[in-house]
Amino acid sequence: MQICQELSLSTIGCGTWAWGNRLLWGYDESMDDQLQAVFNLCVSNGVTLFDTGDSYGTGRLNGRSELLLGRFSREYFVSGKENICIATKLAAYPWRWTRQSMVSACKSSAKRLGRNVDLVQMHWSTANYALWQEGSLLNGLADLYEQGLVKGVGLSNYGPKRLKRVHQKFAERGVPIATLQVQYSLLSTYPVTQLGVKDVCDELGIKLIAYSPLALGLLTGKYSEKGSFPKGIRGLLFRQILPGIHPLLACLREVAQSRNKMMSQVAINWCICKEAIPIPGAKTVEQAKENIGALGWQLDSGEIAELDKAAASTDKKMVQNIFQTQ
Ligand SMILES: NC(=O)c1ccc[n+]([C@@H]2O[C@H](COP(=O)([O-])OP(=O)(O)OC[C@H]3O[C@@H](n4cnc5c(N)ncnc54)[C@H](OP(=O)(O)O)[C@@H]3O)[C@@H](O)[C@H]2O)c1
């Protein structure tokens, strides 16, 4: 299937939540150039998958993340452009409950992007709070594939049980599921180690995308209890988690030093070694450069075992997405 071939060109993607986040919290348009430089750097270094969502940069600046991503991709003229795969996620808003509303939502995303969406994903399952809503939305997702409006469909925040059900339903219509996106990092192993999503993905031929692979920045090692925290909810979360993750950060630092790599690169490489496609969010060219340095080498089995052990024994973990299903 075409989308799988495209995705396999890249072992690292680039997330755009950072854009969406900034856009929500008082966006400064002077950042556009910086974000475009991030995009250009990523594409010229072989990054092909860009993940966004129609809820990123919403409110007053509706869909701005998609608008920017579309503009950057149009204005990119160096080689590699033909491989760019734009993935968006359609939100399961309460007011979006018919299959046609998903088709319309994807058309709106395509309009903002100025091109067709390559991979359309259901942003989250409504199964935890409004099961009745989900069937129509999933039907709409499959309609998009059948109507040739997208090259592939994917899911996000689904656990193995629901994934299997949706897979069965889609298979009846001849619609393959290309990807599943879950929160997966050294601080969020739950979807894989406890839920077992990777095994099910392998069984069903679905690629696993690891979102928040840097645990929102915690695994870069730049945050500490003594230093300053980011503003808002992220700062509150970091205050709670940081005291319980010293051994994991020490292990990451040790592996990074022995490899002459950055901690962020080791954290991202760990995801790649687990056969997931990480989509770290980068806000600056420096961060993007660093994250790209996670490519082209591999941790060995001993290092992976050390990191796994440290991850399993941390007192604190990332909070799971409330929409993550079983
Ligand atoms: N499906 C879903 O429900 C879902 C949910 C969340 C995210 N996602 C996707 O996953 C993508 C990435 O996730 P995320 O942004 O939540 O988390 P992340 O990739 O774990 O962390 C990104 C943050 O870490 C910091 N950072 C990144 N690279 C760095 C580096 N090399 N050195 C130092 N700091 C660095 C930046 O924040 P600071 O500079 O402010 O520290 C950046 O915003 C999103 O863009 C989105 O596409 C999907």
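Accessible areas here come from the Shrake-Rupley method with a 1.4 Å probe. On that basis, the protein chain in this predicted model shows about 14200 Å² of accessible surface, and carbon and sulfur atoms hold 52% of it. As for what lies beneath, buried residues make up 58% of the 326 residues in the chain.

Turning to the overall fold, the protein chain has 14 helices and eight strands. Its radius of gyration is 19 Å, close to the 20 Å given by the globule rule for 326 residues, so the chain is as compact as a globular protein of that length. Put in a box along the principal axes, the C-alpha atoms take up roughly 50 × 45 × 35 Å. Contacts tell their own part of the story: of those with a separation of 6 or more, 79% are between residues 24 or more positions apart.

Next, the charges. The protein chain carries 36 positive and 28 negative side chains, with the centres of the two sets 5 Å apart. Side chains of opposite charge can pair when their charged atoms come close. In this structure there are 16 salt bridges, and a few of them are worth walking through.

One of these involves R71, whose side chain meets that of D32 in a salt bridge with an N to O distance of 3.4 Å. Here distant parts of the chain are linked: R71 sits in helix α4 (residues 64–74) and D32 in helix α3 (residues 31–44), 39 residues apart. The two ends of this bridge differ in cover, since D32 has a relative accessible area of 9% and counts as buried, while R71, at 25%, is partly exposed; the cut-off for buried is under 20%. R71 also forms a salt bridge with E75, and again the closest N and O atoms are 3.4 Å apart. E75 is partly exposed as well, with a relative accessible area of 40%.

Another bridge brings together D143 and R173, with 2.5 Å from N to O. This pair, too, links distant parts of the chain, 30 residues apart: D143 belongs to helix α6 (residues 131–146), whereas R173 lies in the loop between α7 (160–172) and β6 (177–183). D143 is buried, with a relative accessible area of 9%, and R173 is partly exposed at 25%. Back at R71, shared partners tie several bridges together: D32, R64, R71 and E75 are joined into one network.

Note on methods
Residues are numbered from 1 along each chain as its sequence is written. This is a predicted model: local features need pLDDT of at least 70, side-chain atom pairs count only at pLDDT 80 or more; totals for chains, interfaces and linings use all residues. Side-chain values use heavy atoms; hydrogens and water are left out. A salt bridge is a side-chain nitrogen of Lys or Arg within 4 Å of a carboxyl oxygen of Asp or Glu. Helices (H or I, at least four residues) and strands (E, at least two) are DSSP runs, numbered from the N terminus. Buried means under 20% relative accessible area, exposed over 50%, partly exposed in between (1.4 Å probe, protein chains only). The radius of gyration is taken over C-alpha atoms; the globule rule is 2.2 Å times the number of residues to the power 0.38. Contact means heavy atoms within 4.5 Å. Lys and Arg count as positive and Asp and Glu as negative; His and the chain ends are not counted. The place of a charge is taken as NZ of Lys, CZ of Arg, CG of Asp or CD of Glu.
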